[in-house]
Amino acid sequence: MNKFFITTMSWSSLRACRSPVNCRDLVYPSHRTPTRPYVSIGKPQGRLVVVGSGWAGLKLLGGINTAGYDVVMVSPRNHFVFTPLLASTSVGTLEFRAITEPVRHHNRKAKYFQAKCDSVDLAKKEIHCASALPGMGPFTLKYDKLVIAAGAYSNTFGIPGVEKYGFFLKEISHAQRLRARIIECFEMASEPNCTEEQQWKLLNFAVVGGGPTGVEFSAELHDFVKDDLRKLYPQLIDKVQITVYDVAEKILGSFDDALADYAARKFRREGIKIRTKTFIKEVQENKLILHDGSELPFGCLVWATGITATPLVRAMDVAKTKNERLLTDEYLRVLDKDGNPVPGVYAMGDCATVGDLDLPATAQVATQQGVWLRKHLNSAKNEESGKPFKYSHMGSMVYVGDWKAIFEASPNNVRRGLRGRLAWFIWRSAYMVKSVSARNMVLIPVTWFLTWYDMLCCN
């Protein structure tokens with residue numbers, strides 16, 4: 001087997017060599033050990049592995065320097081999902097393709113593997129992955145720099161039956177199954193052998209979680225029933241009931257009291273019930289079991305109670321917060337249990353937070369982190385050069401139905417918030433502008449217009 005002795009002057013010769021060279025066959029003289037022993041010798045800054053294709057991962061991938069880095073993305077999902085609009089797709093206001101973007105289209109010079117990262121070996125600088133494709137085996141990837149943007153799972157709080165009988169809103173597949181179930185409930189209730197008691201149960205939609213996701217889905221569902229389904233199932237509309245359950249004292253607890261009260265009043269006017277301080281003990285088929293033993297029937301259950309750490313994050317032996325989020329410094333570097341940065345390992349998005357800031361797990365935070373880290377990796381001479389990451393809150397928005405929304409501005413703004421049609425206009429404009437591609441930026445408003453036109457023509 002041929003051996004190559006690499007000197008400073010022979011790099012160009014090696015690149016010009018037409019025969020394939022195995023990196024393991026390269027032998028370095030002791031006095032000529034290279035200063036950059038990177039996994040990817042063809043790239044001056046080595047291999048950058050990104051775990052996750054969500055907001056943070058995609059923003060990093062979009063403009064990363066592929067001339068300097070051998071970029072590899074690992075994710076079980078080969079597309080990006082515009083998660084704030086998932087509730088709209090679940091009722092047909094938007095089509096699924098309008099809020100997705102293929103990962104490979106976003107950066108054609110980067111590699112992508114459709115797989116799930118199971119564990120990270122920080123000592124060997126490698127990750128262990130299991131393919132998400134049928135018939136494909138596990139594999140291992142070495143890295144020089146690692147970015148963990150694996151997101152989070154929906155939090156069931158260990159309540160039995162939630163995963164079996166409930167619907168989540170984290171993926172396109174969740175919205176597809178939820179839309180099918182909504183229509184199925186109406187079809188079953190319209191069968192001639194369906195009793196009135198069964199109709200009341202089938203058309204009882206339970207939404208657990210009074211945060212933005214739960215509120216927006218409830219509003220979208222109410223619009224869907226009022227604007228579309230009442231024309232197809234007029235005999236069933238008076239039996240439809242939407243109920244929002246939450247353990248807190250009020251819904252939208254993170255918003256200003258005046259805005260949260262506005263949303264609650266509007267829901268009650270529209271007939272959407274709100275049950276706060278409600279504790280669920282168990283979920284059984286078509287019914288909720290509360291801690292007091294009472295039973296609440298439902299035809300469809302949507303679970304939107306927050307997030308929890310993924311198995312990958314739980315398995316990492318590093319510093320974490322009380323709710324199992326990875327702890328990073330102001331340069332987004334993962335900290336070990338002694339509070340020291342782990343060399344070359346970064347974390348961002350829902351799976352991590354910066355120091356004592358306890359950043360919210362939102363698309364806004366993940367987007368800013370992805371953009372900052374991309375610029376940092378492209379320009380920084382070392383891990384601590386440049387300005388550290390600083391989150392800038394641009395405001396929070398929630399759709400509350402009937403072309404109305406609430407918008408809470410940044411705390412630095414003089415005017416704290418807006419509500420009604422103007423807030424709805426800001427909500428739609430912001431989501432259209434924040435689209436990750438020109439394709440999405442066109443499809444979203446076009447689909448909105450077609451939905452409105454269809455509603456107008458059918459009235």
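**Exercise 1. Identify the buried residues of helix 11 and the elements they pack against.**

Solution. In this predicted model, the buried residues of helix 11 are Val365, Ala366, Thr367, Gln368, Gln369, Gly370, Trp372, Leu373, Arg374, His376 and Leu377. Next, take the packing partners: these buried residues pack against strand 3 (47–51), helix 2 (55–62), strand 10 (145–148), strand 22 (341–347) and strand 23 (352–354). Finally, check the geometry. Helix 11 covers residues 363–379, 17 residues in total, and spans 24 Å from its first C-alpha to its last, close to the 24 Å expected at 1.5 Å a residue.

**Exercise 2. Find which residues touch the most other members of the largest nonpolar core.**

Solution. The largest nonpolar core has 96 residues, and Ile182, Phe186 and Phe217 touch the most other members. Take Phe186 and set aside its neighbours within four places in sequence; its contacts are then Leu203, Phe205, Val225, Leu229, Tyr233, Leu236, Ile237 and Val240. Another core, of 25 residues, lies apart from the largest one; among its members are Val72, Ile127, Cys129 and Leu146.

**Exercise 3. Classify the aromatic pairs Trp55 with Phe82 and Trp403 with Trp424.**

Solution. The whole structure contains 13 aromatic pairs. For Trp55 and Phe82, the centres are 5.0 Å apart and the planes meet at 65°, an edge-to-face pair. Trp55 belongs to helix 2 and Phe82 to the loop between strand 5 (79–81) and helix 3 (86–90), so the pair ties together parts 27 residues apart in sequence. Both Trp55 and Phe82 are buried.

For Trp403 and Trp424, the ring centres are 5.1 Å apart and the planes are at 0°, so this pair is stacked. Trp403 sits in the loop between strand 24 (396–401) and strand 25 (404–408), and Trp424 in helix 12 (residues 421–433), 21 residues apart. As to burial, Trp403 is partly exposed at 31% relative accessibility, whereas Trp424 is buried at 13%.

To finish, place Trp55 and Phe82 in their cluster: Trp55, Phe80, Phe82, Tyr399, Trp427, Tyr431 and Trp448 form one aromatic cluster.

**Exercise 4. Determine how many disulfides the structure has, and examine Cys117 and Cys185.**

Solution. The search of the whole structure returns zero disulfides. Cys117 is in none, and its nearest cysteine sulfur, in Cys129, is 4.7 Å away. The cut-off is a sulfur pair within 2.5 Å. For Cys185, the closest cysteine sulfur is that of Cys300 at 5.6 Å, which is too far for a bond. Cys117 is buried, with a relative accessible area of 6%, and Cys185 is buried at 0% relative accessibility.

How values were computed. Residues numbered from 1 in each chain as written. Predicted model: local features only at pLDDT ≥ 70, side-chain atom pairs only at ≥ 80, totals over all residues. Heavy atoms only, no water. Helix = DSSP H or I, 4+ residues; strand = E, 2+ residues; numbered from the N terminus. Expected span 1.5 Å × (residues − 1). Buried < 20%, exposed > 50% of the residue type's maximum accessible area, 1.4 Å probe, protein only. Contact = heavy atoms within 4.5 Å. Core = buried A, V, L, I, M, F, W, Y, C linked by side-chain atoms within 4.5 Å. Phe/Tyr/Trp six-rings, centres within 6.5 Å; stacked < 30°, edge-to-face > 60°.
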